[in-house]
Amino acid sequence: MTQYLFIGYPKCETCVKARKWLEDNSIDFVYRHIVDTPPTAKELNKWQKQSGLPLKKFFNTSGLVYKELKLKDKISELNDKEKLNLLASNGMLIKRPILVGENIVLIGFKPSEWEKIKS
């Protein structure tokens, strides 16, 4: 049985819902606090490749830190390495929750997408 890595933030309502969904569906996971132990640039790079999503999707665009740094205007000027290092510098910049499995990486919580891991 696959054990997933669930990365979230305890005060995030979406993360709380996602965690409850995992528990309700008896999905085995290890929890990691996104601020206390933020993903490294190396991990993010691997997950981005695994997910097939553009790096832009990994940013928490509705978060305060994103807005304070005015990243909306700057993000397109950064190369991938700069984006990865920026994400790794502050867990609050990363969209959450993140669920990482052997062959899947899910960003954000959409129950319809997360259904894929139940089989």
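These exercises, each with a worked solution, concern a predicted model of a protein chain.

**Exercise 1. Elements and their order**

State how many helices and strands the protein chain has, and give their order.

Solution. Start with the count: the protein chain has six helices and four strands. Next, read from the N terminus, where the order is β-α-β-α-α-α-α-β-β-α.

**Exercise 2. Overall form**

Decide whether the radius of gyration of the protein chain agrees or disagrees with that of a compact globule.

Solution. First take the expected value: for 119 residues, a compact globule would have a radius of gyration near 14 Å. Then take the value of the protein chain, which is 14 Å, so the two agree. For the extents, the C-alpha atoms fill a box of roughly 40 × 30 × 25 Å along the principal axes. Now turn to burial: 41% of the 119 residues are buried. Finally, consider contacts between residues at least 6 apart in sequence; 64% of these join residues at least 24 apart.

**Exercise 3. Surface and charge**

Find the accessible surface of the protein chain and the number of its charged side chains of each sign.

Solution. The accessible surface is about 7200 Å², and carbon and sulfur atoms account for 50% of that surface. As for charge, there are 21 positive and 14 negative side chains. The centres of these two sets lie 3 Å apart.

**Exercise 4. An aromatic pair**

Classify the ring pair of F6 and F29, and locate its two residues in the chain.

Solution. The structure contains seven aromatic pairs. For F6 and F29, the ring centres are 5.6 Å apart and the planes meet at 70 degrees. An angle over 60 degrees counts as edge-to-face, so this pair is edge-to-face. F6 belongs to strand β1 (residues 4–8) and F29 to strand β2 (residues 29–33), so the pair links distant parts of the chain, 23 residues apart. Both residues are buried. In a wider view, ring pairs join F6, W21, F29, Y31, F109 and W114 into a cluster.

**Exercise 5. Backbone details in loops**

Locate the cis peptide bond, and describe phi and exposure for S26 and K70.

Solution. Begin with the cis peptide bond: it joins R96 and P97, with omega about -5 degrees. P97 is in the loop between α5 (80–89) and β3 (98–100). Next, S26 has a positive phi near 50 degrees although S26 is not glycine. S26 sits in the loop between α1 (13–24) and β2. Its relative accessible area is 57%, so S26 is exposed. Last, K70 also has a positive phi, near 50 degrees. K70 lies in the loop between α3 (64–68) and α4 (71–74). With a relative accessible area of 52%, K70 is exposed.

Key. Residues are numbered from 1 along each chain as its sequence is written. This is a predicted model: local features need pLDDT of at least 70, side-chain atom pairs count only at pLDDT 80 or more; totals for chains, interfaces and linings use all residues. Side-chain values use heavy atoms; hydrogens and water are left out. The radius of gyration is taken over C-alpha atoms; the globule rule is 2.2 Å times the number of residues to the power 0.38. Buried means under 20% relative accessible area, exposed over 50%, partly exposed in between (1.4 Å probe, protein chains only). Contact means heavy atoms within 4.5 Å. Accessible areas come from the Shrake-Rupley method with a 1.4 Å probe; for residues, only the protein chains shown count as cover. Lys and Arg count as positive and Asp and Glu as negative; His and the chain ends are not counted. The place of a charge is taken as NZ of Lys, CZ of Arg, CG of Asp or CD of Glu. Rings of Phe, Tyr and Trp (its six-membered ring) pair if their centres lie within 6.5 Å; planes under 30 degrees apart count as stacked, over 60 as edge-to-face and the rest as tilted.
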